Amino acid sequence: LAFDGSIPNGAGDDIEVVETSFGTPGCLDYREYADVYVSQNGINYFFTRTICKSDNKVDIDDAGQGFTFVNFVKIVNNDELTTTPDGFDVDGVRAIHNCQEGNVAPGVVADLIVTRLSSMPNPSDGRSIVSFIIGSTGHTTLEVYDMSGRSMSTLFNQEAQEGQEYRLRFEGTHLPNGIYIYRLSTTSEVIVEKFMIAK
């Protein structure tokens, strides 16, 4: 699963996985279990813990990587513990600390700019337009990598302004067909967008 923004690693649990099968009250009554993994880049995933219906919260710290945030969550049925024929059914995933708090007057919705990254067309012949908006002003880099983690190009490496849309052209017609990654890094988060070159 990918999200519009990052999931911060706050105090205690950070992610809740919702599974509502038949309204049963607990794990022992309906034995469906899943292993939860987290990632910052969508490539390298780290196991956090095994969950079930009534024990369904995850602490990012359990990945053991010192992450202050993650951008991706992978949920995989645990074939050894699950005894139902259909396996673990994911009905929703909630980022516990992503609700904005603070001095917001009742009835007023606070503006929250979420970092976004997208590219088009996808797939492309190697020429594409990548656009991004960041949630807070700061030094930002936008790089292109292949699936082996090799840097292909740096498209942006300077301060970016909060809420401003940046649009950049990438000329990759010299690259072989395959899947590549746009990697947007700010002072507080990393977001990736996969794109395909198919000539």
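Here are a few short exercises on this predicted model, each with a worked solution.

Two notes before we start. Residues are numbered from 1 along each chain as its sequence is written, and side-chain values use heavy atoms, with hydrogens and water left out. As this is a predicted model, local features need pLDDT of at least 70 and side-chain atom pairs count only at pLDDT 80 or more, while totals for chains, interfaces and linings use all residues.

**Exercise 1. Work out how many helices and strands the chain has.**

Step 1: Helices (H or I, at least four residues) and strands (E, at least two) are DSSP runs, numbered from the N terminus.
Step 2: Counting them gives zero helices and 14 strands.

**Exercise 2. Find what share of the residues is buried.**

Step 1: Buried means under 20% relative accessible area, exposed over 50%, and partly exposed in between (1.4 Å probe, protein chains only).
Step 2: Of the 199 residues in the chain, 42% are buried.

**Exercise 3. Say which residues have the most contacts inside the largest nonpolar core, and which elements feed that core.**

Step 1: A nonpolar core is a set of buried Ala, Val, Leu, Ile, Met, Phe, Trp, Tyr and Cys residues joined through side-chain atoms within 4.5 Å.
Step 2: The largest one holds 18 residues, and Leu117, Phe132, Leu142, Phe156, Tyr182 and Phe195 have the most contacts inside it.
Step 3: Two or more residues come from each of strands S9 (127-133), S10 (138-146), S11 (151-160), S12 (166-171), S13 and S14 (190-197).
Step 4: Another core, of 15 residues, lies apart from this one, with Ile7, Ile15, Ala34 and Ile51 among its residues.
Step 5: Now pick Phe156 and list its contacts (heavy atoms within 4.5 Å). Skipping neighbours within four places in sequence, Phe156 meets Phe132, Thr140, Thr141, Leu142, Tyr166 and Leu168.

**Exercise 4. Decide whether Ser39 is buried or exposed, and list what Ser39 touches.**

Step 1: Locate Ser39 in strand S3 (residues 33-39).
Step 2: Its relative accessible area is 0%, so Ser39 is buried.
Step 3: Leaving out residues up to four places away in sequence, Ser39 touches Asn44, Tyr45, Val70, Asn71 and Phe72.
Step 4: Check the side chain too: that of Ser39 reaches the backbone nitrogen of Asn41 at 3.2 Å.

**Exercise 5. Explain why Ile179 counts as partly exposed.**

Step 1: Ile179 sits in strand S13 (residues 178-185).
Step 2: Ile179 counts as partly exposed because its relative accessibility is 39%.

Technical notes: Polar contact = N/O pair within 3.5 Å; in protein donor to acceptor, adjacent residues only side chain to side chain.
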